[in-house]
Protein chains: 2
Amino acid sequence: MCQLLALNCKNPTDATFSFSGFTQRAGITDHHADGWGIAFFEGSDQDRGLRHFIDHLPASQSPVAELLRRYPIKSRNILAHIRKATQGDVLLENCHPFVRELWGRYWVFAHNGNLADYHPKLHGVYRPVGDTDSERAFCWIMQELAKSHASVPSVHELTLTLRELVPTIARFGNFNFLLSNGQALWTHASNQLCYLERKHPFTSARLRDQDVRIDFADHTTPDDRVAVVVTAPLTVDEAWITFAPGELATFVDGERVY
Amino acid sequence: MCQLLALNCKNPTDATFSFSGFTQRAGITDHHADGWGIAFFEGSDQDRGLRHFIDHLPASQSPVAELLRRYPIKSRNILAHIRKATQGDVLLENCHPFVRELWGRYWVFAHNGNLADYHPKLHGVYRPVGDTDSERAFCWIMQELAKSHASVPSVHELTLTLRELVPTIARFGNFNFLLSNGQALWTHASNQLCYLERKHPFTSARLRDQDVRIDFADHTTPDDRVAVVVTAPLTVDEAWITFAPGELATFVDGERVY
């Protein structure tokens, strides 16, 4: 199994605090050491650009991960993954998150779980590069979204389409995932995913995996709002909400919508 | 105008020496300071995996570029770009190299030049995310390759297809480019691109843009072979060969083929 982390923010926010705690689970506080990855949407006001970092080294040892724990990259949508291989070898091409382009936007996907004997019919242009169940699921979602809409639809329409598509994959096994195109964050929980929303008045929090405390009030303005989605709570003193099995959620501007 | 750098190698090789000299041109020895990017194919024996780093900061100042000048990532196909914006703002989504997936392989493209009034008919699934002539040209090449072959063809067949496609773009302006899918490096020169092949017996060389000398014999085995393609010679004491206008070249295992 793997672990997932995502931030959806009203204003560009850096993930150094969360990513630092999260990557301790890649060999120090937990055993998810078969590669890692993180993607940051940024660029113009529309967040069309994407930085994508992956590495087959454990995130607790990777020099690139070490840089990202120190270097604050501000983004409204950040998706990260630490891998414990189930299907597919420990190779760069099997590291999440995966990226594809659709309708002139990049799409980013990361998965935690295991889809048994999942081999969807991929007749479109989206083909897996590696050999994981996760990338096959992502390619199938991209293929079906491309068939469902001629150009980029509203976040609400995309949510409705995903509500139709996701259950057909989730019956193959645990399908906890993160998906974003820079406009919204979609998450799905099968058995293990939780979230919280941080907003004014901000409090302080201590990481569960590292002896680090932060007072968010020192790093925010009253206008800020951040939703954090993660496999297991990142902090010990905040109220994390566990998703129900089968729950598909949409986050925009740091809060859950619909 | 921008500058291009690529390495095609028989055995996985790091680009720290070349990348270090090259990125001096992003604000120190030259003025290509509107963003940069680099991509490294690696992963399994088949080089299907891809690391892709882009940044809108000047490569001479970017913390990510600074890491890559120090951290040796070994790869058989490396493509880099420093940008001097002509079309498209200084934004992350306009940084080269661009990446798309086709036939279950990642494809990487970087361009130097300017294509005037180039707006190809993009009726397939490959759409530009940013607003550069370069990304439009890449999307058109991907679309036409996808139409020409049902699955990944041989390097020789791909070369023949590219020889048909490229002139239809090159008549719009200067179209110096680098393209790779991890199996080969294709380059095209309109007005400014040169290359060399380093092989046994290896000699030493000094960077043109930085007071750094390297003796390649200290870092290689007799079995190694590396082709370097760059906009302007990287070293002062090696014999760089300038491509003729309109020349499309293919490199495999560190040497020019066909």
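In the predicted model described here, helix 1 of chain B is largely enclosed by the rest of the structure, because six of its eight residues are buried. The buried positions are Phe17(B), Ser18(B), Phe19(B), Gly21(B), Phe22(B) and Thr23(B). A residue is counted as buried if 20 or more other C-beta atoms lie within 10 Å of its own. The cover over these buried residues includes helix 2 of chain B together with several strands of chain B, among them strand 1 (3–13), strand 2 (36–42) and strand 4 (75–82). Strand 11 (213–215) and strand 12 (225–230) of chain B also belong to this cover.

The packing of helix 1 (residues 16–23) of chain B against helix 2 of chain B was examined further. The axes of the two helices are 8 Å apart, and the helices pack at an angle of about 140°. Helix 1 of chain B contributes Thr16(B), Phe19(B), Ser20(B) and Thr23(B) to the contact, and these meet Ala65(B), Leu68(B), Arg69(B) and Arg70(B) of helix 2 of chain B. By class, this contact between the helices comprises three nonpolar, three polar and two charged residues. Phe19(B) and Thr23(B) thus appear both in the contact with helix 2 of chain B and among the buried residues of helix 1 of chain B.

Helix 2 of chain B also takes part in the interface between the chains. In this interface, 27 residues of chain B are in contact with 27 residues of chain A. At least two residues each on the side of chain B that touches chain A come from strand 3 (49–55), helix 2 (63–70), strand 5 (98–102) and strand 6 (105–112) of chain B. Strand 3 of chain B gives the most, with four residues. The residues on this side of chain B divide into 13 nonpolar, six polar and eight charged.

The arrangement of the two chains was then considered. A turn of 180° with a shift of 0.0 Å along the axis lays chain B on chain A with an RMSD of 0.0 Å. This is the relation of a two-fold axis. The copies meet through the same surface, because 100% of the interface residues of chain B are also interface residues in chain A. The predictor assigns the complex an ipTM of 0.95 and a pTM of 0.96. For chain A, the average pLDDT is 95, and 100% of the residues score at least 70.

Chain A contains an open sheet of six strands in the order 5-6-7-8-14-15, with antiparallel pairing. Its edge strands, strand 5 (98–102) and strand 15 of chain A, each pair on one side only. From one strand to the next, the twist averages 25°. Two helices of chain A pack on this sheet. Helix 3 (residues 133–148) of chain A touches strand 5 and strand 6 (105–112) of chain A, and its direction makes about 10° with that of strand 5 of chain A. Helix 4 (residues 155–170) of chain A touches strand 8 and strand 14 of chain A, and its direction makes about 160° with that of strand 14 of chain A.

Within the sheet, strand 8 (residues 185–188) and strand 14 (residues 248–252) of chain A run antiparallel and are joined by four bridges. His188(A) stands opposite Leu248(A) of strand 14 of chain A. Strand 14 of chain A also pairs in the antiparallel sense with strand 15 (residues 255–257) of chain A, over three bridges. Here Val252(A) stands opposite Glu255(A), and Arg256(A) is the bridge partner of Phe251(A). Two residues lie between the strands of this hairpin, in which Asp253(A) takes a positive phi near 55°.

Conventions: Residues numbered from 1 in each chain as written. Chains lettered and ligands numbered in written order. Predicted model: local features only at pLDDT ≥ 70, side-chain atom pairs only at ≥ 80, totals over all residues. pLDDT = per-residue confidence, 0-100. Contact = placed C-beta atoms within 7 Å. Nonpolar A, V, L, I, M, F, W, Y, C, P; charged D, E, K, R; others polar. Least-squares fit on C-alpha atoms with pLDDT ≥ 70 in both. Axes fitted to C-alpha atoms, helices over the stretch in contact; angles between N-to-C directions. Buried ≥ 20, exposed ≤ 12 C-beta atoms within 10 Å, placed from the backbone. Pairing = 2+ DSSP bridges.
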